[in-house]
Amino acid sequence: MDNNGEKKQQQLVCVTGAGGFIGSWVVKELLLHGYRVRGTARDPADSKNAHLLALEGAKEGLSLCGADLIDCDDLRAAFSGCHGVFHVASPTINDDPELMLAAVEGTRNVMNAAADMGVRRVVFTSSYGAVHMDPNRSPDTVMDETCWSDYDFCKQTGNFYCCAKMMAEKTATEEAARRGLELAVVVPSMTIGPALQQAMNMSIAHIARYMMGTKKVSPNAVAAYTDVRDVARAHLLVYERRHDAPSSRYLCIGAVLHRSRLVQLLGDLFPNYHVTAKCEDDGKPMARPYRFSNQRLRDLGLEFTPIRESLYETVMSLKQKGHLCLPVPVPKRARL
Ligand SMILES: NC(=O)c1ccc[n+]([C@@H]2O[C@H](COP(=O)([O-])OP(=O)(O)OC[C@H]3O[C@@H](n4cnc5c(N)ncnc54)[C@H](OP(=O)(O)O)[C@@H]3O)[C@@H](O)[C@H]2O)c1
């Protein structure tokens with residue numbers, strides 16, 4: 001029984017963007033926990049979504065339907081009969097012309113369609129891009145669920161994805177309050193780990209380019225990483241939590257690393273690959289890893305996967321799906 005006194009097995013939930021990297025793992029997690037799942041994709045018949053139907057429990061528990069975030073009729077049909085909605089879908093490319101429309105107006109549409117169809121609870125997938133981009137925050141601040149990025153700074157620096165995710169999260173919160181929906185927000189950082197889908201998404205490509213030698217130097221920068229299986233688990237945990245929490249936000253961050261440390265870990269794990277070894281010398285001191293709290297999710301029982309394990313499985317999955325060329329043998333140094 002769940003906290004609403006209903007058997008999970010009787011609950012139908014919808015996952016938007018079901019075929020994507022995070023969406024696929026959310027679907028898998030829900031099926032494993034006995035939910036019936038309806039997944040949306042713009043073209044469910046596209047072979048890029050075929051992996052979903054092969055998931056454990058998919059035969060009995062999963063159906064797919066077509067829905068574009070900018071089409072309210074599609075969304076209402078997708079949410080019909082659903083108890084919960086996991087709104088994962090979003091464009092993720094900075095210069096996608098549809099970015100703002102699909103991310104922000106799409107989220108407004110999802111919230112309203114959910115309310116129209118009597119959905120009780122929505123889980124929204126935000127991003128740490130909505131949280132960490134603030135040049136005036138002291139490096140000693142421990143980032144938590146109260147933190148927001150500086151919108152103007154994101155805009156001026158061309159980080160339109162961060163702008164879109166901030167606006168989308170704020171829209172989800174406003175619409176939930178206006179329409180009386182329960183909302184929980186998962187805020188993942190750069191998400192890595194094994195992919196269920198065949199295509200590379202933006203965050204997996206981030207790792208792949210350091211493995212293939214295409215990036216000659218790593219930047220003097222830090223980033224936060226999380227394992228995709230932890231992100232999926234977090235979606236389920238916040239969906240099932242008691243409904244009296246003071247804030248709906250949950251930071252899902254496993255580790256913060258300087259890029260030189262990230263490539264060092266990759267090089268140690270995969271010594272046969274031409275992993276980028278040089279760090280950019282931009283004349284500035286080494287960027288300091290920022291501090292963060294993932295306590296709220298740990299309080300719900302989430303145990304974060306160690307970053308080394310996540311990196312290992314990311315690369316193994318890239319290899320298995322044929323995204324990494326076999327390493328070219330490094331020529332032996334010529335004798336003098
Ligand atoms: N990966 C990360 O590092 C990361 C970190 C933090 C937050 N997030 C958030 O997590 C979510 C999923 O990201 P991901 O990395 O899994 O991306 P992904 O693999 O590229 O998946 C994105 C999904 O969004 C769907 N989508 C895009 N535009 C759409 C539209 N107009 N209408 C309907 N569906 C649309 C796509 O569906 P189609 O199959 O129809 O194209 C796809 O399934 C996003 O909200 C992203 O902002 C990701």
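In what order do the strands of the open sheet with mixed pairing run? I looked this one up first: 3 strands, in the order β8-β10-β12.

**Ground rules**

I number residues from 1 along each chain, as its sequence is written. I am working on a predicted model, where local features need pLDDT of at least 70, side-chain atom pairs count only at pLDDT 80 or more, and totals for chains, interfaces and linings use all residues. My helices (H or I, at least four residues) and strands (E, at least two) are DSSP runs, numbered from the N terminus. I call two strands paired if DSSP finds at least two bridges between them.

**Entry 1: the mixed sheet**

I noted β8 (190–192) and β12 (255–258) as the edge strands, each pairing on one side only. Between one strand and the next, I get an average twist of 40°. Here angles run from 0 to 180 degrees between N-to-C directions, and axes are lines fitted to C-alpha atoms, for helices over the stretch in contact.

I then followed strand β10 (residues 222–227), which runs parallel to β8 and is joined to it by 3 bridges. Going through the partners, I found Met-190 opposite Tyr-225, and Thr-191 bridged to Thr-226. Towards β12, I count 4 bridges from β10, and this pair is antiparallel. Tyr-225 turns up again there, opposite Ala-255 of β12.

I also checked burial, with these cut-offs: a residue is buried if 20 or more other C-beta atoms lie within 10 Å of its own, exposed if 12 or fewer, and partly exposed in between, with C-beta atoms placed from the backbone. For β10 I get 5 of 6 residues buried, so I wrote it down as mostly covered.

**Entry 2: the parallel sheet**

I moved on to an open sheet of 7 strands, ordered β3-β2-β1-β4-β5-β7-β11, with parallel pairing. β3 (62–66) and β11 are the edges; each has a single partner strand, so one side of each has no neighbour in the sheet. Ignoring direction, I find neighbouring strands turned by 20° against each other on average.

I spent some time on strand β7 (residues 182–188). I found 6 of its 7 residues buried, so the rest of the structure largely encloses β7. Strand β5 (residues 121–125) pairs with β7 in the parallel sense over 5 bridges, and I picked out Arg-121 with its bridge partner Glu-182. Strand β11 (residues 249–252) also runs parallel to β7, joined by 4 bridges. I noted Val-186 opposite Tyr-250 and Val-187 bridged to Leu-251.

I looked for helices over this sheet too. Helix α4 (residues 72–79) lies across β1 (12–16), β2, β3 and β4, at about 165° to β3. Helix α9 lies across β4, β5, β7 and β11, at about 160° to β7. For contact I require C-beta atoms, placed from the backbone, within 7 Å.

**Entry 3: helix pairs**

How do α5 and α7 pack, by axis distance and crossing angle? For helix α5 (residues 99–116) and helix α7 (residues 160–179), I have the axes coming within 9 Å and crossing at roughly 15°. I therefore logged α5 and α7 as roughly parallel; my bins are under 35 degrees for roughly parallel, over 145 for roughly antiparallel, 65 to 115 for roughly perpendicular, and oblique for the rest. I have the α5 and α7 crossing as right-handed, meaning that the near helix is turned clockwise from the far one by less than a right angle (anticlockwise is left-handed). The contact residues include Met-100, Val-104 and Met-111 of α5, and Tyr-161, Ala-168 and Glu-175 of α7. I split that contact into 13 nonpolar, 3 polar and 4 charged residues. My classes: Ala, Val, Leu, Ile, Met, Phe, Trp, Tyr, Cys and Pro are nonpolar, Asp, Glu, Lys and Arg charged, and the others, Gly among them, polar.

My other pair was helix α1 (residues 21–32) with α9 (residues 228–240), packed at about 55° with axes 8 Å apart. That makes α1 oblique to α9, and I have this crossing as right-handed as well. Among the residues that meet are Trp-25 and Leu-30 in α1, and Val-231 and His-235 in α9. I get 9 nonpolar, 1 polar and 4 charged residues in this contact.

**Entry 4: two loop residues**

Is Ile-93, in the loop between β4 (84–87) and α5, buried or exposed? I have Ile-93 as exposed, with 12 other C-beta atoms within 10 Å. Ile-93 and Tyr-161 are 68 residues apart in sequence, and I get 6.8 Å between their C-alpha atoms.

I found His-33 in the loop between α1 and β2 (36–41). His-33 counts as partly exposed, with 16 C-beta neighbours inside 10 Å.

Technical notes:
Contact = placed C-beta atoms within 7 Å.
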